[in-house]
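I sat down with this one to see how the pieces pack together. My notes follow in the order I looked things up.

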Amino acid sequence: MRRLSRRGLLAATTAAAALSAGPPAAATPPEAPAPAGRRLRTGFERLAADGYAQLSGDRVGIVTNPTGITRDARHIVDVMHADDRVNLVAVFGPEHGFRGTAQAGGSEGRYDDPATGLPVYDTYLKSGRPLADIFTASGVDTVVFDIQDAGARFYTYIWTLYDCMEAAQLAGKRLVVLDRPNPVTGRAAQGPVLHKEFATFVGRQPIAQAHGMTVAELARLFNGEFLTTPVPLDTVRMTGWQRSDFYDASGLPWVPPSPNMPTPDTALVYSGTCLFEGTNLSEGRGTTRPFELLGAEGIDRRWAAEANQVGLAGVHFREAYFAPTFSKFQGKTVGGVQIHVHDRAAYDPVRTGIALLVTAKKVWSGFTWRSDNWIDKLTGSTQVRTMIDAGTTADEVVAAWQGELSAFRRVRGKYLLYR
């Protein structure tokens, strides 16, 4: 068993009071827009307000991370552990860990949480039967999922959800998803759809690059379209959320769901600029503005000028210079662009990401893809890479995926819970 480092920093106070909320959540019909003045209530708020009735009599384990908090910033594990109405017996930590101490590609291992004494099991990179065995060994009857998503197919927590659904079915467990907002709205799906032969942990199933769904909606879609045998699934949806809402409309505190997702502004651009992970340019890791700053040694003001000439809606590009403290170009000053979104309702992050790839390749002779063609895993096929290499425009690349995107939007529509 590996003990969590810096244990003293992880202790959290417990509290017994649950937040007041509305009636128990329904699982299927779309919800009408909330009356003016009603605040958003998360799935957890509604579950707690109902006295955890949906978990009554069950030994409960929860898949969560630092984003699983109440409106007053208490962690839901601390709240549930202190409440006699729910029998919480285990916690399951995803990538970055339950308390969030690990960087990208890391986890916290198996340990006992110092704040609650609960056993914490590591689920990162575990799926299928090995993950089912962890659920069985934990002794839980029901697995609860509550993690804030970022709205992009390659943000791995939605695939942790998928893997947990599959494993819970194998282990004979029920799965309950507590919903939270999509921080970049749920207005529409955008971008290419994954081709199955490119499935990895940054995309298990054929959904759009910016899926425009909440985690509860995704769980319903996964169960209905992709799992060979559906898992017994309950979703506790939100009230007071509408598909056009950005995160700041929620009134909820923002907790970085991973170390390089520090603000909702990061999430706004992430579904497009994460594509730079598939290149030799920095995607801004090691700066205070990851995924908003992009660059490399040898790039100068010409990239920002070229990108601005594309005329993308809702966004300007500023010539920028920065020195990452870790990751690509660590300790070196590089040139590039900073993304400034001035009209987020008009802004299309995926189209913007493609345009930035096209213009970077045009103005910088040093541009290359990662040697493992990671870009194909991120975009879901070879199409984006080969079209950009052939010299096509950003508009031509975007046009090429519209057929498969339209098909996904039709499927997606069957599983939406909110208007």
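I began with α7 and asked which of its residues are buried. The list reads T266, A267, L268, V269, Y270, S271, G272 and T273. Eight of the ten residues of α7 are buried, so I put this helix down as largely enclosed by the rest of the structure. A reminder to myself: this is a predicted model.

Next I wanted to know what covers those buried residues of α7. The cover includes two strands of one sheet, β10 (293–296) and β12 (334–341). It also includes β8 (208–210) and α9 (349–363). At the N-terminal end of α7 I found a cap, and the residue doing it is T263. A side-chain oxygen of T263 lies 3.2 Å from the backbone nitrogen of D265.

**The three-stranded sheet**

Since β10 and β12 had turned up around α7, I followed them into their sheet. It is an open sheet of three strands, in the order β10-β12-β11, and the pairing is antiparallel. Which strands sit at the edges? They are β10 and β11 (315–322), each pairing on one side only. On average, neighbouring strands here are turned by 25 degrees against each other, direction ignored.

I then zoomed in on the β10 and β12 pair, which is held over four antiparallel bridges. Within it, L294 stands opposite V337 of β12. A helix goes with this sheet as well: α8 (residues 302–309) lies across β10, β11 and β12. I noted its direction against β11 as about 170 degrees.

**The seven-stranded sheet**

The other sheet I looked up is open too, with seven strands ordered β3-β4-β2-β1-β5-β6-β9. Its pairing is mixed. A note for my own memory: strands of a sheet pair through backbone hydrogen bonds, either parallel or antiparallel. The edges are β3 (111–112) and β9, each of which pairs on one side only.

For a parallel example I picked β1 (residues 59–64) and β5 (residues 142–146), which are joined by five bridges. One residue match to remember is V60, whose bridge partner in β5 is T142.

Which helices pack here? Helix α5 (residues 157–171) lies across β1, β5, β6 and β9, and runs at about 155 degrees to β6. Helix α6 also packs on the sheet, where it touches β5, β6 and β9. The direction of α6 makes about 160 degrees with that of β9.

**Salt bridges**

I asked how many salt bridges the structure holds, and the count is 26. I went through a few of them.

D234 pairs with R174, with the closest N and O atoms 2.6 Å apart. This one links distant parts of the chain: D234 sits in strand β9 (residues 233–236) and R174 in strand β6 (residues 174–178), 60 residues apart. D234 has 25% relative accessibility, so I logged it as partly exposed.

R243 pairs with E217 at 2.7 Å between the closest N and O atoms. Here again distant parts of the chain are linked, 26 residues apart: R243 is in the loop between β9 and α7 (264–273), and E217 is in helix α6 (residues 215–226). Are these two buried or exposed? R243 is buried at 9% relative accessible area, and E217 is buried at 0%. I also wrote down a network in which salt bridges with shared partners join E277, E283, R285 and K328.

D112 and R110 make another salt bridge, with 3.0 Å between the closest N and O atoms. Both ends are partly exposed, D112 at 26% and R110 at 27%.

**T185 and its surroundings**

My last stop was T185, which is found in the loop between β6 and β7 (190–193). With a relative accessibility of 4%, T185 is under the 20% cut-off, so it counts as buried. Its side chain makes a polar contact of 3.0 Å with the side chain of R187.

What does T185 touch, leaving aside its neighbours within four places in sequence? I listed G212, W241, R243, S244, D245 and F246. R243 on that list is the residue I had already met as the salt-bridge partner of E217.

Conventions
Residues numbered from 1 in each chain as written. Predicted model: local features only at pLDDT ≥ 70, side-chain atom pairs only at ≥ 80, totals over all residues. Heavy atoms only, no water. Salt bridge = Lys/Arg side-chain N within 4 Å of Asp/Glu carboxyl O. Buried < 20%, exposed > 50% of the residue type's maximum accessible area, 1.4 Å probe, protein only. Polar contact = N/O pair within 3.5 Å; in protein donor to acceptor, adjacent residues only side chain to side chain. Contact = heavy atoms within 4.5 Å. Pairing = 2+ DSSP bridges. Axes fitted to C-alpha atoms, helices over the stretch in contact; angles between N-to-C directions.
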